Amino acid sequence: MAFTKAIPVLKSDTINIPQPGSYQSGASSTGGSVLTTIGAKFKGVFNSAATSYGDKVTIGDVVYIDSNSTDRPSFITQVSAVVSDEELSIDPPVNGIGAPYNYKIYRSNGGSSNLLQGNTGYGLVGPFDTNTIVHCVLAGQTESVFIKPNDTSDLGLENLKIQRVLSTGTISLDEYGLVAVE
């Protein structure tokens, strides 16, 4: 099976895996529940014909925050308000990473309320070991399940359609290298 899109997966009990392909990125000069970037254009940019806005951030979009020490995504949050072209409110507040920090914004897979039905979900590839148990919600379901990937393969869950990997109950799963594919 050939995959055409991929996104790193961060575990969250409340936020779905976002759609692959960030559409905005930058560095925030503030932390906590406020993301601020001078010149960001969070309210969008007119297209060349000046008929509509592109890259407009919307409530519910997912923000991946990079660790200042590894430059890899290590915190997941969502846009709760577009305050201005240069300021977003986010929830949950960034915790454990000091500003300034880099971020990428992705379209939500389930909207601001992280709906669990009607989403296509993604296959997962990653560093699974003999102790790994993935607590997840499959596409089209509202209840979570526990899955033990194939111990002999790094490609144990690519044929399932998963829309959220929960933090609670997931065991022995290193997020660095865990990727959602479609």
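## Briefing: a serine in a loop, a six-stranded sheet and two salt bridges

The side chain of S12 gets to within reach of a backbone group, sitting 2.9 Å from the backbone nitrogen of I15. Keep in mind that this is a predicted model. Beyond S12, the notes below look at an open sheet of six strands and at the structure's two salt bridges.

**Around S12**

- S12 belongs to the loop between β1 and β2.
- Its relative accessibility is just 7%, so S12 counts as buried, the cut-off being under 20%.
- Setting aside neighbours within four places in sequence, S12 touches I76, along with R164, V165, L166 and S167.

**The six-stranded sheet**

- Reading across this open sheet, the strand order is β2-β9-β6-β7-β8-β3, and the pairing is antiparallel.
- The edges are taken by β2 (24-28) and β3 (34-36); each has a single partner strand, so one side of each is left without a neighbour in the sheet.
- On average, neighbouring strands here are turned by 35° against each other, direction ignored.
- At the β2 edge, β2 and β9 run antiparallel and are joined by five bridges.
- Within that pairing, A27 sits opposite N102 in β9.
- As background, strands of a sheet pair through backbone hydrogen bonds, and they can do this parallel or antiparallel.

**Salt bridge one: K5 and E182**

- K5 pairs with E182 in a salt bridge, with 3.9 Å between the closest N and O atoms.
- K5 is in the segment before β1 (6-8) and E182 in the segment after β14 (179-181), so this pair ties together parts that are 177 residues apart in sequence.
- K5 is partly exposed, at 45% relative accessibility.
- E182 is partly exposed too, its relative accessible area being 30%.

**Salt bridge two: R107 and D61**

- R107 and D61 meet through their side chains in a salt bridge, at 2.8 Å from N to O.
- R107 comes from the loop between β9 (101-106) and β10 (122-125), while D61 comes from the loop between β5 (53-54) and β6 (62-66), so the pair links parts 46 residues apart in sequence.
- R107 counts as partly exposed, with 27% relative accessibility.
- D61, on the other hand, is buried, with a relative accessible area of 3%.
- The general idea behind such pairs is simple: side chains of opposite charge can pair when their charged atoms come close.

Terms used. Residues are numbered from 1 along each chain as its sequence is written. This is a predicted model: local features need pLDDT of at least 70, side-chain atom pairs count only at pLDDT 80 or more; totals for chains, interfaces and linings use all residues. Side-chain values use heavy atoms; hydrogens and water are left out. A salt bridge is a side-chain nitrogen of Lys or Arg within 4 Å of a carboxyl oxygen of Asp or Glu. Helices (H or I, at least four residues) and strands (E, at least two) are DSSP runs, numbered from the N terminus. Buried means under 20% relative accessible area, exposed over 50%, partly exposed in between (1.4 Å probe, protein chains only). Two strands pair if DSSP finds at least two bridges between them. Axes are lines fitted to C-alpha atoms, for helices over the stretch in contact, and angles run from 0 to 180 degrees between N-to-C directions. A polar contact is a pair of N or O atoms within 3.5 Å; within protein, one must be able to donate a hydrogen and the other to accept it, and residues adjacent in sequence count only if both atoms are side-chain atoms. Contact means heavy atoms within 4.5 Å.
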